[in-house]
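Reader: I have a structure open and would like to go through how parts of it pack. Can we take it step by step?

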Amino acid sequence: MTVKDKRRRDEELARRLLAIAADPGASSAERDQAQARASMIMARLMIDELDLDQPDAEQITTRDMIITGGPTTASRALADALHRIACAAGAATYYRDNRRQTRQQGPGPHIVLCVVGYPSDLDRLMPLLSAAQAHAAVGWDAWRRANPRSVKPMKPATRRATRDGYTLGWGDAIAERVRAARAGAIQVRDQDATTNSTALVVRSREQRITDYLSTLRLTTGTASAVDYRAYHDGARDAQASGLGANEKGIRGHHHLLEGTTTS
């Protein structure tokens, strides 16, 4: 089997796994396992297809994701979670907050998550983020149904903080999985490389994204209240597929930036 054949096979496998991860009809264990394997395959493919001889050949671009929901929904927490996964994959995000938009003004309340990166990376990353969005929502719904005695007595604000904590914990766990897969792929690639260092090229590409973001007119987003116990539950659910996470990433999650330009 040639290298191209192996990559094509991995791409097809990743697509099938992402479909399972986003399928509400699949069991929780099936979704967790599919998301774990897909995340690792996608992260490895991003590194395997990196051109070390022409690291600056691609131009940075932006692709949008719509996260529906108003101010009291999980839309902002989902944007935070997807931001962390995108950063772990070598990309970045900012968002436009349209959560108070009415149906008369447009498509209704939503957040536009702008994912910034290189075209070849975003081709891999966007399907992963779409599956992650669906998977997080299904995971929270399953947790809520499994803990009715805890959820029902909660005041609305407490329920929202619990939901957002769970979502962020889940997102951090997925991000850690992607980060570990990329680090492993970089190490393997550097052992075989005869030209540029993969790690140096990756850092250079990420710095270009940082420099690009600094040219945009962005403001710092506001942090929302989250529940640490629910955060650990979200991370624990993602750990069902052998993934580790800790609570350090939750502190200061206000680092997400909000675009001040209009959509």
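Reader: Which way does helix 3 pass helix 4, left-handed or right-handed?

Author: Helix 3 passes helix 4 in a right-handed crossing, meaning the near helix is turned clockwise from the far one by less than a right angle; anticlockwise would be left-handed. Helices (H or I, at least four residues) are DSSP runs, numbered from the N terminus. This is a predicted model, where local features need pLDDT of at least 70 and side-chain atom pairs count only at pLDDT 80 or more, while totals for chains, interfaces and linings use all residues. Residues are numbered from 1 along each chain as its sequence is written, and side-chain values use heavy atoms, with hydrogens and water left out.

Reader: What angle do helix 3 and helix 4 pack at?

Author: About 140°, with the axes of helix 3 (residues 75-88) and helix 4 10 Å apart. Axes are lines fitted to C-alpha atoms, for helices over the stretch in contact, and angles run from 0 to 180 degrees between N-to-C directions.

Reader: Which residues meet there?

Author: Leu 78, Leu 82, Ile 85 and Ala 86 of helix 3 meet Leu 125, Leu 129, Ala 132, Gln 133 and Ala 136 of helix 4. Contact means heavy atoms within 4.5 Å. By class, this contact of helix 3 with helix 4 has eight nonpolar residues, one polar and no charged. Ala, Val, Leu, Ile, Met, Phe, Trp, Tyr, Cys and Pro count as nonpolar, Asp, Glu, Lys and Arg as charged, and the others, Gly among them, as polar.

Reader: And helix 2, how does it cross helix 4?

Author: The axes of helix 2 (residues 28-48) and helix 4 (residues 119-146) come within 10 Å and cross at roughly 165°. Helix 2 and helix 4 are therefore roughly antiparallel, a term for angles over 145 degrees. The crossing of helix 2 and helix 4 is left-handed. Helix 2 contributes residues including Arg 31, Asp 32 and Met 42, and helix 4 residues including Asp 121, Arg 124 and Leu 128.

Reader: What classes do the residues of that contact fall into?

Author: Nine are nonpolar, three polar and four charged in the contact of helix 2 with helix 4.

Reader: New topic. Which helix gives the most to the lining of the largest cavity?

Author: Helix 7, with four residues.

Technical notes. Helix = DSSP H or I, 4+ residues; strand = E, 2+ residues; numbered from the N terminus. Parallel < 35°, antiparallel > 145°, perpendicular 65-115°, else oblique.
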